[in-house]
Structure formats: C-alpha cells, structure tokens
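Reader: I have not looked at this structure before, and I would like to go through it slowly, one question at a time. Could you show it to me before we begin?

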Amino acid sequence: MFHLKRNLPAWERVIRLCLGTFAAAGAFYFLPAGTLRLLGFAMVGVLASTAIVGFCPACALLGRKAPGAAK
C-alpha cells in the first residue's frame with residue numbers, strides 16, 4: 001500500500017483546515033461563477049487534503065522532515 005510520511009505538525013494541519021474552510025466560503029460568495037470559482041475550490045481541495053493526510057508535496061520537495069524526526 002502507498003504510504004506517505006507525514007511532514008506537517010498538528011498545529012499546521014489545523015491552520016490549513018481552517019484556512020480551507022474560510023477560502024471555500026470566500027470562493028463561494030466572492031468569486032464569480034465559472035473558472036475563477038472552480039480554481040478557488042481547487043485551492044480549497046489542496047489545502048483540505050494536505051491537512052487531512054498530513055503530507056504536503058511542496059514541503060517534501062523543499063526538504064521538510066516529519067515533526068519530531070531526528071535532524
């Protein structure tokens with residue numbers, strides 16, 4: 001089975017989930033229907049999925065290690 005090592009601490013996962021919630025509301029109420037709104041919801045999906053899974057590919061690309069990992 002495919003396994004991703006978590007590289008986000010719990011506090012950052014909570015912040016990402018809260019930002020995703022606010023961004024979803026903002027995309028729904030403030031962006032015009034169409035492509036911009038879809039892009040806003042795509043951003044929300046990325047924020048929420050990285051928060052739920054605990055793995056951020058961009059952070060891994062930059063060399064960020066798992067919380068509590070030996071340095």
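Reader: Let me start with one residue: in which helix is Thr50 found?

Author: Before answering, I should say that this is a predicted model. With that in mind, the helix that holds Thr50 spans residues 35–53, and its label is α2.

Reader: Is Thr50 buried or exposed, and which residues does Thr50 touch, not counting those up to four places away in sequence?

Author: A residue counts as buried when its relative accessible area is under 20%, and Thr50, with a value of 6%, is therefore buried. Leaving aside residues up to four places away in sequence, the residues that Thr50 touches are Leu8, Arg16, Phe55, Cys56 and Pro57.

Reader: Arg16 is among those contacts, so I would like to know which side chain meets that of Arg16 in a salt bridge.

Author: Arg16 belongs to helix α1, which covers residues 10–30, and its partner lies four residues away in that helix, so that about one helical turn separates the two. Arg16 itself counts as buried, at 14% relative accessibility, and the partner is buried too, with a relative accessible area of 12%. The N to O distance in this salt bridge is 3.1 Å, and the partner's name is Glu12.

Reader: How far apart are the closest N and O atoms in the salt bridge between Glu12 and Arg64?

Author: Glu12 lies in helix α1 and Arg64 in the segment after α3 (57–61), so this pair ties together parts that are 52 residues apart in sequence. Arg64 is partly exposed, with a relative accessible area of 32%, whereas Glu12 is buried. The closest N and O atoms of the pair are separated by 2.5 Å.

Reader: Which residues do the salt bridges that share partners join into one network?

Author: The structure holds two salt bridges, and Glu12 takes part in the one with Arg16 as well as in the one with Arg64. Through these shared partners, a single network is formed by Glu12, Arg16 and Arg64.

Reader: Turning to the rings, what is the angle between the planes of Phe28 and Tyr29?

Author: The structure holds one aromatic pair, and it is formed by Phe28 and Tyr29, whose ring centres are 5.1 Å apart. Phe28 counts as partly exposed at 46% relative accessibility, while Tyr29 counts as exposed at 62%. Planes over 60 degrees apart count as edge-to-face, and this pair is edge-to-face, with an angle of 85°.

Reader: Which residue has its charged end over the ring of Phe28?

Author: Besides its pairing with Tyr29, the ring of Phe28 has a charged end sitting over it, 5.4 Å from the ring centre. That charged end belongs to Arg37.

Reader: How far apart in space are Ala24 and Thr50?

Author: Ala24 lies in helix α1, while Thr50 is found in helix α2. Ala24 is partly exposed, with a relative accessible area of 22%, and it touches Phe41 and Val44 when residues up to four places away in sequence are not counted. Ala24 and Thr50 are 26 residues apart in sequence, and their C-alpha to C-alpha distance is 15 Å.

Reader: Finally, what is the area of the nonpolar surface patch that includes Leu4?

Author: Leu4 lies in the segment before α1 and is partly exposed, with a relative accessible area of 32%. The patch is made by Leu4 together with Leu17, Ile52 and Val53, and its area is about 330 Å².

Terms used
Residues are numbered from 1 along each chain as its sequence is written. This is a predicted model: local features need pLDDT of at least 70, side-chain atom pairs count only at pLDDT 80 or more; totals for chains, interfaces and linings use all residues. Side-chain values use heavy atoms; hydrogens and water are left out. A salt bridge is a side-chain nitrogen of Lys or Arg within 4 Å of a carboxyl oxygen of Asp or Glu. Buried means under 20% relative accessible area, exposed over 50%, partly exposed in between (1.4 Å probe, protein chains only). Rings of Phe, Tyr and Trp (its six-membered ring) pair if their centres lie within 6.5 Å; planes under 30 degrees apart count as stacked, over 60 as edge-to-face and the rest as tilted. A charge sits over a ring if NZ of Lys or CZ of Arg is within 6 Å of the ring centre and within 35 degrees of the ring normal. Contact means heavy atoms within 4.5 Å. Patches are made of residues with over 30% relative accessible area and no salt bridge: like charges are joined within 9 Å, nonpolar side chains (Val, Leu, Ile, Met, Phe, Trp, Tyr) within 5 Å. Accessible areas come from the Shrake-Rupley method with a 1.4 Å probe; for residues, only the protein chains shown count as cover.
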